[in-house]
Each structure stands twice: as structure tokens, then as C-alpha cells.
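This report moves from the protein as a whole to one of its sheets, and then to a few residues and their surroundings. The structure is shown first, and the description follows.

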Amino acid sequence: MGDSDLIIRQAQGEWETRDVKLIPYRRHVEDLSKRFKAIEFSLSDSAKITESGGQTFWVDKTSGKKCYLLSARRLVISFSDIQLFWEWISDTDSRFPDVAFPNTIDLLDIRGKIGTRALSPRTNYAAYLVFKTSERYHVLESTNAMVRFVNQESEDEAEKRATTVILAERAPRHIKGKLPEKRTDGWLEVEIGSFYNGEGDDNGDVQAWLLDSRPFHANCGLIIERLEFRPICSMLE
């Protein structure tokens with residue numbers, strides 16, 4: 001039985017916590033539990049949706065590290081409240097009630113953040129955009145991506161070191177950038193950036209950010225489902 005199994009049983013009150021190294025993890029799980037109306041503990045490769053409104057916490061079975069998922073509704077998407085630019089539609093492949101689908105947009109600006117104290121300390125993390133594309137529309141083939149500690153780096157500084165990520169299932173020959181991978185659930189995911197979470201208390205919020213100011217003047221065919229913060233080398237869902 002691994003540490004993750006122990007933490008779950010201890011958080012449920014089945015066993016006592018005697019191992020000193022597991023005490024901080026149990027306390028963290030107990031603190032997180034207070035934020036939810038209801039919570040279900042399980043050890044799984046995939047996340048379990050709770051009544052937290054699109055924010056999900058789970059323990060990665062491979063590493064025993066904490067992971068977080070933010071649905072599209074929990075992201076800050078510029079002009080997503082204006083139907084002329086974005087629509088919220090249902091998708092049979094999604095675990096959420098709706099996903100974000102852009103109409104004619106002149107700016108792609110998608111952000112999601114989480115407090116580093118919620119993540120496992122002394123761990124290398126990466127942020128991933130989970131998405132798919134629609135063949136009926138022009139596809140936005142690439143965009144700028146970055147991850148920053150909000151309290152330590154300005155937006156301008158982050159933009160200067162932005163990398164290019166590919167948002168097309170088939171990589172265009174004329175564009176170089178980080179390629180998406182096919183997930184076991186049928187969606188695509190692309191790494192937005194990585195970061196090292198030290199002790200967690202000193203880093204504040206970490207933000208994953210996609211930004212493109214090129215005028216599209218057409219539906220770019222991008223369907224946004226969620227953003228995930230996972231330890232590097234954890235399994236795709």
C-alpha cells in the first residue's frame with residue numbers, strides 16, 4: 001500500500017497518522033475538505049468531479065502528488081460573457097456541463113491560476129490546456145503561452161519569454177512550437193509551461209496564460225474544456 005492509500009484512509013478517519021512525513025499531507029487534505037459541500041475520496045488516475053463548481057483536486061496515483069483541474073468556467077477568458085465573441089456549449093465528450101467555444105474574436109486571452117500552497121511542495125509541475133478543434137472552422141494553429149508566479153513576475157516580463165504552443169491536431173510545417181498530445185479520454189492537451197513549487201508558502205499564486213492578439217475575424221475552431229496543474233511525468237487521464 002502506497003502513501004496515497006494511507007492518506008485517504010487517514011483522512012476518512014479509518015486509521016491514525018503515525019508517520020511524521022504524512023502528517024502535513026493529511027492536514028492539507030482535511031483543510032481542503034472544508035472548502036467543499038461534499039467530497040469523495042478515491043485513489044484514481046482520473047479526477048473525480050465534486051460540487052466545487054468546476055475545480056477538482058486529486059492525488060496522482062503514480063507520484064502521490066497533488067493535482068488540480070479548473071474547468072473552462074473557472075478560467076478568466078476575455079469577452080467570454082459576450083455571445084458575439086464566445087459561446088458556452090455542451091459537448092458529449094466533456095465531463096462538464098459546458099465548454100468554451102469562440103465565435104469571431106480579435107483577442108485570445110485565457111488565464112487560470114491556483115495558489116501554490118494547494119500543490120505539493122518541492123515538486124516540478126506543468127500546466128496543461130485540455131482542448132479539441134472543430135473541423136468546420138478555421139483553426140488557430142498556434143499561440144503564445146507562459147506560466148508565471150503572479151507576485152514575482154509582471155505580465156510584460158512573462159510575455160517576453162513566452163513560448164509557442166501548437167493548437168492544431170496536425171502540426172503545421174511552417175510553425176515551430178510545443179505539440180499537443182492525444183489523451184486517453186479523446187481530448188488533446190498541450191503543455192503551457194512548467195514551474196518548480198518550492199515550499200509553497202512563499203510563491204503565492206501561479207498563473208497559466210495563453211495570449212494572442214492577432215485579429216482572427218473568424219471562428220478559430222478552438223474548444224476549451226479545462227486547465228490542469230499536474231506534477232511532471234504524471235499520467236494523462
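## Overall character

Of the 237 residues of the protein, 49% count as buried, in what should be read throughout as a predicted model. The accessible surface of the protein amounts to about 12,400 Å², and carbon and sulfur atoms contribute 46% of that area.

In secondary structure, the protein has 3 helices and 13 strands. When contacts with a separation of 6 or more are considered, 67% of them are between residues that lie 24 or more positions apart.

## An open sheet of 5 strands

Five strands make up an open sheet with antiparallel pairing, and their order is E3-E6-E12-E8-E9. Strands E3 and E9, the latter covering residues 163-166, stand at the edges with a single partner strand each, so that one side of each is left without a neighbour in the sheet.

At the E9 end of this order, strand E8, which covers residues 142-149, pairs with E9 in the antiparallel sense over 4 bridges. Within this part of the sheet, Thr143 has Val165 of E9 as its bridge partner.

## The loop between E3 and E4

Between strand E3 (76-77) and strand E4 (86-89) runs a loop, and Ile82 lies in it. Ile82 has a relative accessibility of 33% and therefore counts as partly exposed, a class that extends from 20% to 50%.

Ile82 also belongs to a nonpolar patch on the surface, which it forms with Phe79 and Leu84, and the three residues together have about 290 Å² of accessible area.

## Trp86 and its surroundings

Is Trp86, a residue of strand E4, buried or exposed? With a relative accessibility of 2%, Trp86 counts as buried, because the limit for that class is under 20% relative accessible area.

Leaving aside residues up to four places away in sequence, Trp86 touches Ile77, Ser78, Phe79 and Ser80, the run from Ala100 through Phe101 and Pro102 to Asn103, and also Ile105, Leu108, Ile110 and Ile224. Phe79 thus appears both among the residues touched by Trp86 and in the nonpolar surface patch with Ile82 and Leu84.

One of these neighbours, Ser78, offers its backbone oxygen to the side chain of Trp86, which reaches that oxygen at 3.2 Å. Trp86 can also be placed relative to Thr104, since the two residues are 18 residues apart in sequence and 7.8 Å apart in space, C-alpha to C-alpha.

Methods
Residues numbered from 1 in each chain as written. Predicted model: local features only at pLDDT ≥ 70, side-chain atom pairs only at ≥ 80, totals over all residues. Heavy atoms only, no water. Patch = residues over 30% accessible without salt bridge, like charges linked within 9 Å, V, L, I, M, F, W, Y side chains within 5 Å. Areas by Shrake-Rupley, 256 points an atom, 1.4 Å probe, with all protein chains shown as cover. Salt bridge = Lys/Arg side-chain N within 4 Å of Asp/Glu carboxyl O. Helix = DSSP H or I, 4+ residues; strand = E, 2+ residues; numbered from the N terminus. Buried < 20%, exposed > 50% of the residue type's maximum accessible area, 1.4 Å probe, protein only. Contact = heavy atoms within 4.5 Å. Polar contact = N/O pair within 3.5 Å; in protein donor to acceptor, adjacent residues only side chain to side chain. Pairing = 2+ DSSP bridges.
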